[in-house]
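User: I am new to this structure and should be grateful for a close look at its nonpolar interior. Please explain how that part is built and what surrounds it.

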Amino acid sequence: MSVDASPTLSVLRVLEALGRSGGTGLHCVVYGPELRDLTAQVAAALGTDPEPMLFSGARSLPTDRVSNCRLLHLTCHGHHDEQDAWESGFSFARDDPGMRLTGRAVACWRLATQLAVLQACSTRRQVTTGTEDGFGLGRFLHLAGVPSLLMTDWEVRSDVTSLFMDTFYERLRPELESPGPLRGYGAAYRQAVSTVRGHVGHARTFLWAPFSIIGAVR
């Protein structure tokens, strides 16, 4: 017999997000000030410019563009705090603590985003402490109201990530260029995994298998 614990509050926030009708902007936000080349590549694929700001000075609120974006793509580093899981989060500059966004802050956000893509290493790795259930960084964005997340389980080679993202967004492009909810990212994900697997070889599982979609999949 196996026992599985579901983070109930995360599930409720996802269901609430899926029940929304309208109110979501058509623009995409791409943010990653330290990893500029990767960020610029993704922004070009999405037909936008890299976002200059992600959160307000107080960190308690995202900018209006971030709050109402259709798709949020973060190019960053995953930060894991072994003592306090809620201090884990996203680091946008390794040597600058002021550019770190913690789970405590993100859980207070309210986002209308349909899909968040975390182009960062080990964003799905779980942190377990003596007082917290283990969970990956994506749970914070679920709590903020994002129903669907694309993340990685371990460090990914940059050329593999670039091929995956190019394929993923090329397949998703028709939907991104028209109004309405995004429904094809499950198919886009499968095509991107297949393309990467064909490029690196089926036997090299470590290279093509780290990408995961969690939450609602359409």
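Analyst: The following account begins with the whole protein, turns to the interior, and then visits several individual residues.

This is a predicted model, in which local features need pLDDT of at least 70 and side-chain atom pairs count only at pLDDT 80 or more, while totals for chains, interfaces and linings use all residues. Residues are numbered from 1 along each chain as its sequence is written, and side-chain values use heavy atoms, with hydrogens and water left out.

The protein contains 8 helices and 8 strands; these are DSSP runs numbered from the N terminus, with at least four residues of H or I for a helix and at least two of E for a strand. Of its 218 residues, 50% are buried. Buried means under 20% relative accessible area, exposed means over 50%, and partly exposed lies in between, with a 1.4 Å probe and protein chains only. The accessible surface comes to about 10500 Å², and carbon and sulfur atoms account for 53% of it; such areas come from the Shrake-Rupley method with a 1.4 Å probe. Contact means heavy atoms within 4.5 Å. Among contacts between residues at least 6 apart in sequence, 71% join residues at least 24 apart.

A nonpolar core is a set of buried Ala, Val, Leu, Ile, Met, Phe, Trp, Tyr and Cys residues joined through side-chain atoms within 4.5 Å. The largest such core has 30 residues, and Leu54, Leu72, Phe92 and Leu141 have the most contacts inside it. At least two residues of this core come from each of strand E1 (28-31), strand E2 (71-75), helix H4 (103-106), strand E6 (115-119), helix H5 (138-143) and strand E7 (148-152). H5 gives the largest share, 3 residues. Beyond residues up to four places away in sequence, Leu141 touches Phe90, Val106, Leu111, Ala116, Leu118, Val146 and Leu149. Another core, of 29 residues, lies apart from the largest one and includes Ala45, Met165, Ala188 and Val196.

Met165 is also one of the buried residues of helix H6, a list that includes Phe164, Phe168 and Leu172. Helix H6 (residues 158-176) has a kink of about 35° at Glu170, shortly before the proline Pro174; the bend at a residue is the angle between axes fitted to the seven residues ending there and the seven starting there. Glu175, also in helix H6, is partly exposed at 23% relative accessible area. Leaving aside neighbours within four places in sequence, Glu175 is in contact with Arg70, Pro181, Leu182, Arg183 and Gly184.

The cysteines deserve separate mention. A disulfide is a pair of cysteine sulfur atoms within 2.5 Å, and by this rule the count is 0. The sulfur of Cys28 lies 7.5 Å from the closest cysteine sulfur, that of Cys69, so the two are too far apart for a bond. Cys28 is buried at 8% relative accessibility, and Cys76 is buried at 3%.

Two further buried residues lie in strands. Ser212 belongs to strand E8 (residues 211-215) and has 11% relative accessibility. The side chain of Ser212 makes a polar contact with that of Asp153 at 3.0 Å; a polar contact is a pair of N or O atoms within 3.5 Å, where within protein one must be able to donate a hydrogen and the other to accept it, and residues adjacent in sequence count only if both atoms are side-chain atoms. Thr102, in strand E5 (residues 100-102), has a relative accessible area of 17%.
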